[in-house]
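Work through these exercises with the structure open. Try each task before reading its solution.

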Amino acid sequence: MARAREDFPILTDSMNDQPLVFLDSAASSQKPRQVLDAIEHYYEHTHANVHRGVYDLSQRATETFEQARKTMATYVNAYDEHEIIWVRGCTEGINLVASSYGQRLQKGDEILVSHMEHHSNIVPWQMLCERSGAELRVIPVTDAGELNLEAYRELLNERTRIVSVVHVSNALGTINPVAEITRLAHGQDAVVLIDGAQAAPHQEVDVQSIGCDFYAFSGHKMCGPTGQGVLWGRRSILESMPPYHGGGEMIERVSFSGTTYNTVPFKFEAGTPNIAGAVGLGAAADYLASLGLPAIEAFETELLNYATKQMSSIDGLRVVGTAANKHSVLSFLVADTHPYDIGTLLDKQGVAVRTGHHCCQPLMEHYGIPGTVRASFAFYNNHEDVDRLVAATQRAVRMLR
Amino acid sequence: MTIQERQQEIVEEFGLFDDWMDKYEHIIELGKSLPLIDSQHKNDEHLIRGCQSQVWLHAEPVEDRLQFTADSDAIITKGLISLMVRVLDKQPARDIATANLNFIDNIGLHDHLSPTRSNGLRSMVRQMKLYGVAQAAKQDFSSHG
């Protein structure tokens with residue numbers, strides 16, 4: 001795993017005249033040479049529009065594109081590759097379900113999300129509630145940053161139509177028990193969407209064992225290019241859903257007297273897709289699989305534990321999010337300092353972290369804090385990165401107090 | 001001193017530091033000396049909401065000039081406000097309205113004013129100039145009225 005760092009060209013760069021310590025992978029991961037090469041090779045040797053041409057090049061582009069879909073089906077253990085819908089990212093995946101599946105909701109129906117959701121798993125449902133008259137209800141979070149499952153059980157009822165919950169919290173790192181959440185929701189015949197943006201880069205994802213109905217994630221957080229993500233959906237449900245966007249590719253036959261739609265997944269993929277994005281994401285999934293997701297998870301867990309221990313030695317430092325099961329995120333506050341100040345001083349010392357509310361304003365409100373400093377890790381980080389973070393934070397705190 | 005002279009003074013002052021951390025050490029010190037907004041004005045009406053940090057700004061007309069007091073929840077933002085206030089405080093309203101604040105660029109702190117930082121500072125500068133415009137218009141009105 002230590003050698004994997006060498007696959008990432010950007011990690012030898014500097015920032016503010018210091019060797020770069022990149023600790024913002026939860027916002028977007030860096031890209032290995034293997035992914036960059038796959039995209040370049042595609043454009044140099046394979047590119048043509050897909051599902052269109054009769055010529056050899058177009059056929060090869062289509063095969064490469066569809067191979068990437070198969071790769072992603074394997075990555076999440078889908079039943080088959082037709083359940084993989086290409087979207088721009090996790091956000092679009094959630095919006096697709098809210099727009100399309102959401103059309104069957106009406107007044108009196110309820111949608112459940114949790115208090116630790118990213119805005120992308122709140123706002124599409126609020127918009128659906130405005131359109132449909134359905135009600136959005138919120139599963140509370142404990143002080144440690146875990147879902148209150150008891151309260152969840154009480155919120156579930158026969159009016160619950162959709163449960164949409166994050167697999168791993170981007171602000172706290174909490175790993176939620178998504179299989180149990182799904183099982184309980186199915187007991188009330190609600191469909192379940194899991195936001196997997198922070199899980200897909202860090203662990204094996206198995207949609208069959210989770211049992212959910214939709215699983216959305218972004219490619220750019222798992223070493224793939226920006227602008228490409230995946231919505232996995234259970235085929236029977238996808239087939240029952242109306243189209244999302246209209247255009248080319250998503251149709252079977254168009255006439256002014258009426259149009260019939262293509263089959264799943266193409267029904268949901270209007271227009272020329274992000275072919276190079278799909279190729280790059282397929283290469284990223286292959287790359288992660290070659291390192292081994294269990295090995296990545298073990299490495300990152302050790303790194304997070306080391307970071308938590310070292311950072312906790314800083315006087316006045318408080319970790320926000322202390323769930324028993326966490327992935328790769330260390331959110332913290334230091335007494336008498338503001339996250340923005342810490343982040344600015346870390347930046348000048350070459351350490352890239354995120355500060356602020358992490359697109360989780362309701363969660364920050366729950367804790368009564370303006371935001372946090374968030375260091376997030378990937379398998380290409382190491383103990384030296386953590387040591388630089390600790391030293392830089394110590395210096396920042398000394399200056400600020 | 002005019003606005004331009006005050007800016008020049010700050011540029012020279014920052015020229016003494018050759019290290020970024022020293023510059024920030026200085027900014028933090030300046031933050032502690034910011035003329036603080038009176039608690040009665042530290043309310044939503046005077047709040048400039050940023051995504052990262054928040055700023056409260058109050059402008060008090062003193063004859064044809066404006067006197068600024070402010071605050072922020074982040075000390076670096078406070079230090080930067082303190083620089084802005086030092087340049088614009090008690091200057092003629094008309095000069096404030098048309099000021100070209102190039103000193104921030106010249107001391108290498110431009111990124112703090114970028115829209116992506118969203119620390120409230122960019123909106124604050126706009127607000128200070130708006131106060132200048134409003135005050136200048138008021139003066140025009142009363143002198144011609």
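## Exercise 1: Domains of chain A

**Task.** Into which domains is chain A divided, and which residues does each take?

**Solution.** This is a predicted model.
- Step 1. Chain A has domain 1, made of 2-30 + 293-400, and domain 2, made of 35-290.
- Step 2. Place the two domains in space. The C-alpha centres of domain 1 of chain A and domain 2 of chain A are 28 Å apart.

## Exercise 2: The contact between the domains

**Task.** How many residues does each domain of chain A give to the contact? Which elements of domain 1 of chain A give two or more residues to its side?

**Solution.** Here, contact requires C-beta atoms within 7 Å.
- Step 1. Domain 1 of chain A supplies 25 residues, and domain 2 of chain A supplies 27 residues.
- Step 2. On the domain 1 side, the elements with two or more residues are α10 (293-312), β14 (329-334) and α12 (361-367) of chain A.
- Step 3. Rank them. α10(A) provides the largest share of that side, five residues.
- Step 4. Sort the domain 1 side by class. It has eleven nonpolar, ten polar and four charged residues.

## Exercise 3: The contact between the chains

**Task.** Which element of chain B gives the most to the side that touches chain A?

**Solution.** Begin with the counts.
- Step 1. The contact takes 14 residues from chain B and twelve residues from chain A.
- Step 2. On the chain B side, α2 (20-32) and α3 (75-88) of chain B are the elements that give two or more residues.
- Step 3. α2(B) gives the most, with five residues.
- Step 4. By class, the chain B side holds eight nonpolar, four polar and two charged residues.

## Exercise 4: A sheet and its helix

**Task.** What is the strand order in the open sheet of four strands in chain A? Which strands are at its edges?

**Solution.** Recall the general rule: strands of a sheet pair through backbone hydrogen bonds, either parallel or antiparallel.
- Step 1. The order is β13-β14-β17-β16 (chain A), and the pairing is antiparallel.
- Step 2. β13 (317-320) and β16 (354-356) of chain A are the edge strands, each pairing on one side only.
- Step 3. From one strand to the next, the twist averages 30°.
- Step 4. Look at one pair. β14(A) and β17 (residues 372-376) of chain A run antiparallel over four bridges. The bridge partner of S331(A) in β17(A) is R374(A).
- Step 5. Add the helix. α11 (residues 339-348) of chain A packs on the sheet and touches β14, β16 and β17 of chain A. The direction of α11 of chain A makes about 160° with that of β16(A).

Note on methods: Residues numbered from 1 in each chain as written. Chains lettered and ligands numbered in written order. Predicted model: local features only at pLDDT ≥ 70, side-chain atom pairs only at ≥ 80, totals over all residues. Domains from an automatic or database assignment. Contact = placed C-beta atoms within 7 Å. Nonpolar A, V, L, I, M, F, W, Y, C, P; charged D, E, K, R; others polar. Pairing = 2+ DSSP bridges. Axes fitted to C-alpha atoms, helices over the stretch in contact; angles between N-to-C directions.
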